[in-house]
Amino acid sequence: MDPRTAGPPTAEPPAAGNGGRARRFWSARRVPAVLVAVPLLVVSGAFLYDVAAVRAGRDALGWRRELARQLDQRPLDDIWVRVGAAVAAALGLWLLLTALTPGLRRLLPMRRDDADVRAGLDRDAAALVLRDRAMEIAGVRSVRVRVRRRAARVRARSHFRELDEVRADLGEVLDDAVRGLGLARPPAVSLRVKRPGRKG
């Protein structure tokens, strides 16, 4: 072939999954941040105002005097002290867990074919795709699909054909559909097929 008449070289398609490891998406954590920031801002502002007022020669506000008296006189084994400590510990544990976990559990990470591109698929959208593919099988009357990070639970009802045949066809179609979703960690399919219940 004459190199002068040849067109530009065509780029080979990238191999699947060579763009790096697909990690879970992290939530912005706006609600926990607001729930922490607003009370801290209000309490800190109140204490700062009262300390500045005392430094200016005014008496401390009544609530701060009462708080100091309660902290000085109330024993540590008091029920309200224990309740307050339990609430503070539970709140701190919740904040720690929200800080250390990714969140966005409904978003499933997809394979990274390009290192600069990250994509995710909503679990409801994945379940809808699997349900539509399952409804294409002859003999399937209804399908319920629930997709989690590690498993896709499929419950189908068949009103004709042998259940073993329907189950085999569904297994093949669902396995192909799961691979077609392009997820970084394809969920395992848990399939159950049965007859619809009798009316009356």
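**Helix and sheet packing in a predicted model**

Read along the sequence, the chain of this predicted model runs α-α-α-β-β-α-β-β-α-β.

Student: How many helices and strands does the secondary structure of the chain come to?
Tutor: The order along the sequence is α-α-α-β-β-α-β-β-α-β. Counted by type, the chain has 5 helices and 5 strands.

Student: In what order do the 3 strands of the open sheet stand?
Tutor: The sheet is open and its pairing is mixed. From one strand to the next the twist averages 15°. The order is β3-β4-β5.

Student: Why is one side of β3 and of β5 left without a neighbour in the sheet?
Tutor: The strands lie in the order β3-β4-β5. β3 (140–147) and β5 (188–194) each have a single partner strand, so one side of each has no neighbour in the sheet. Both strands stand at the edges.

Student: In which sense do β3 and β4 pair, and over how many bridges?
Tutor: Strand β4 covers residues 151–158. Within this pair, V145 stands opposite V154 in β4. The pairing of β3 with β4 is antiparallel, over 7 bridges.

Student: Which strands does α4 touch, and what angle does its direction make with that of β3?
Tutor: Helix α4 packs on the sheet, where it touches β3 and β4. Its direction and that of β3 make an angle of about 155°.

Student: Which strands does α5 touch where it packs on the sheet?
Tutor: The direction of α5 makes about 155° with that of β5. The strands touched by α5 are β3, β4 and β5.

Student: At what angle do α4 and α5 pack, and how far apart are their axes?
Tutor: Two packed helices are described by the angle between their axes and the distance between them. Here α4 spans residues 123–135 and α5 spans residues 163–180. The crossing of α4 past α5 is right-handed. The angle is about 145° and the axes are 9 Å apart.

Student: How many nonpolar, polar and charged residues does the contact of α4 with α5 have?
Tutor: From α4, the contact takes L130, R133 and A134. From α5, it takes L170, V173, L174, D176, A177 and V178. By class, this gives 7 nonpolar, no polar and 2 charged residues.

Student: What share of the residues of the chain counts as buried?
Tutor: The chain exposes about 14900 Å², of which carbon and sulfur atoms supply 58%. A residue counts as buried under 20% relative accessible area. Of the 200 residues, the buried share is 21%.

How values were computed:
Residues numbered from 1 in each chain as written. Predicted model: local features only at pLDDT ≥ 70, side-chain atom pairs only at ≥ 80, totals over all residues. Heavy atoms only, no water. Axes fitted to C-alpha atoms, helices over the stretch in contact; angles between N-to-C directions. Helix = DSSP H or I, 4+ residues; strand = E, 2+ residues; numbered from the N terminus. Left-handed = near helix turned anticlockwise from the far one by under 90°. Contact = heavy atoms within 4.5 Å. Nonpolar A, V, L, I, M, F, W, Y, C, P; charged D, E, K, R; others polar. Pairing = 2+ DSSP bridges. Buried < 20%, exposed > 50% of the residue type's maximum accessible area, 1.4 Å probe, protein only. Areas by Shrake-Rupley, 256 points an atom, 1.4 Å probe, with all protein chains shown as cover.
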